[in-house]
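Trainee: I am new to this model and should like a close look at its salt bridges. Please continue afterwards with one pair of packed helices.

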Amino acid sequence: MQEQQAPKEEPKDKLSENLSKDAKQIRSQARNFLSRLLDIRPDTDRESTVEAVQKDISFKGHNAWILIFSIFVASIGLNVSSTAVVIGAMLISPLMGPIVGIGMAVAINDVDTLRRSFVNLGIMVGLSVLTATVYFFISPVKNETPELVARTYPTILDVLVAIFGGLALIVAKTKRGTIASVILGVAIATALMPPLCTVGYGIANAKWEYALGALYLFSINAVFIALSTFVVAKLLGFPLVRYANSKRRKRIAQIASTIAIIVMIPSVVLFVKLLREQVYHSKAEEFIANNLRYNGAEIIKNTSDFKDKEIDIYFIGNPVPNATIETWKSQMKEIEALAGAELIVHQGADQSQDMDMLSSQLRSGILEDLYVKNQEVMANKDKRIELLEKELSKYRGEKFSFTELSKEAKINYEDIKEIGYSNLMTTNFQKTDTIPTFTVTWDRDLRGDKLKVQQDKFGQWMKVRLKLDTVAIKNVR
């Protein structure tokens, strides 16, 4: 018999070619899937979007009053450090119109819309700051709250909120059909309303550094919101405004491009600066938490200054040797973000001198923290004591005068001859309870249904009179 030949192996070159084809097919399918999932161009209504943006630019009539009221609400929220109230103000704020209008106008070379957006932006800022200034001037609460202080200088988080809030809003506006852009405008209001209110606080209380810092924060956020609108409009291919005069069209296009470049370059530089500052502070906190440990010593405060490149650490307890501090400094230099920073360790020569070495500001901060915590503990204890006293008063009968109660009972029920009162303790071997118990002796001449009616009425009257859910009545003849 002829032996059956084994199947020939596929050449390696052909196998590699097949694998390459399969990989290309997978990549193609993945691209198609992501395109269908994320592509918004087919569902974009460019003409309606431009009309909607232009419609929201104007600040007069209803929009002006809504802005005034929302600024009042936001100022109250910042004044009492209530995040919920500030969020409520954002829900009704119409701040996004002129800023989105600026970004759209630059993207489509529409000078008229750009001019109108700048005018209405000025009106919006002026009206908002004036309203906030009036509120904080007449407000009896003048102290700085955490919500106010947080809006006096921009951080990378503020910029990110402005960028993604602006992107969400303009993408929603470009969708064919309707999306609740007012709700999406909350993200815009998050970046714009609190800074404007803080500007008013700074002016009303003559704290100019607060006013300038908050105005700077507002300006940065407004720039990034307009920039987000500009980028989305360009990516989606919004048509440029046509002008009859070709020279004018070319000049306007050059002006719009120049404005875009002027805005974009400083914005990118600022974003990088804020990002580096945030990374610096994050790495400093991480380094302190992971590396600065010594037996018998405890860190009670630390600060990191990005401008001066200094990290200050305040220790209390056993002194940290210089050799250990030098080791920490060497470890800090290995971290790229902290390479140029200086580690400054504050500590006393011994434990008794530690507190004297701390600044008066630090000592007052520590005492303030202790006082606040002590006040919270005392408040909780007072509430528990009050609750227990109320419960005890129910059992002791301290909520009523037995003498006065008995007189009232005699007036309302002439057939009562005698009343007794006590607290009866009962148990079902799972729960023990104390029940107020009245013993009532009735006139012997009162019998039958009349006696039962009087007894029932007396029991109901006693529950209402004493405001108790459970009262035991023992009737005696």
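Mentor: The salt bridges come first, and the helix pair follows.

This is a predicted model, in which local features need pLDDT of at least 70 and side-chain atom pairs count only at pLDDT 80 or more, while totals for chains, interfaces and linings use all residues. Residues are numbered from 1 along each chain as its sequence is written, and side-chain values use heavy atoms, leaving out hydrogens and water.

Across the whole structure, 5 salt bridges are found (a side-chain nitrogen of Lys or Arg within 4 Å of a carboxyl oxygen of Asp or Glu). One of them joins K452 to D456, with 3.2 Å between the closest N and O atoms. Both residues belong to helix α16, and because they are 4 residues apart there, about one helical turn separates them (helices are DSSP runs of H or I with at least four residues, strands are runs of E with at least two, and both are numbered from the N terminus). D456 is partly exposed, at 39% relative accessible area (buried means under 20%, exposed over 50%, and partly exposed in between, with a 1.4 Å probe and protein chains only).

E326 and K329 form another salt bridge, their closest N and O atoms lying 4.0 Å apart. This pair sits in helix α12, residues 322–333, where a spacing of 3 residues amounts to about one helical turn. E326 is partly exposed at 45% relative accessibility, and K329 is also partly exposed, at 26%.

D443 and K417 form a salt bridge too, at 3.8 Å from N to O. Here the pair links distant parts of the chain, 26 residues apart: K417 is in strand β4 (residues 416–427), and D443 is in the loop between β5 (432–442) and α16 (448–466). D443 is buried, at 18% relative accessibility, whereas K417 is exposed, at 53%.

Turning to the helices, α5 (residues 96–108) packs against α10 (residues 208–235) at an angle of about 40 degrees, with 7 Å between their axes. The two helices are therefore oblique to each other (under 35 degrees counts as roughly parallel, over 145 as roughly antiparallel, 65 to 115 as roughly perpendicular, and the rest as oblique). The contact (heavy atoms within 4.5 Å) involves I99, V100, I102, G103, M104, V106 and A107 of α5, together with A222, I225, A226, T229, F230, A233 and K234 of α10. In the contact of α5 with α10, 11 residues are nonpolar, 2 polar and 1 charged (Ala, Val, Leu, Ile, Met, Phe, Trp, Tyr, Cys and Pro count as nonpolar, Asp, Glu, Lys and Arg as charged, and the others, Gly among them, as polar).

Note on methods. Axes fitted to C-alpha atoms, helices over the stretch in contact; angles between N-to-C directions.
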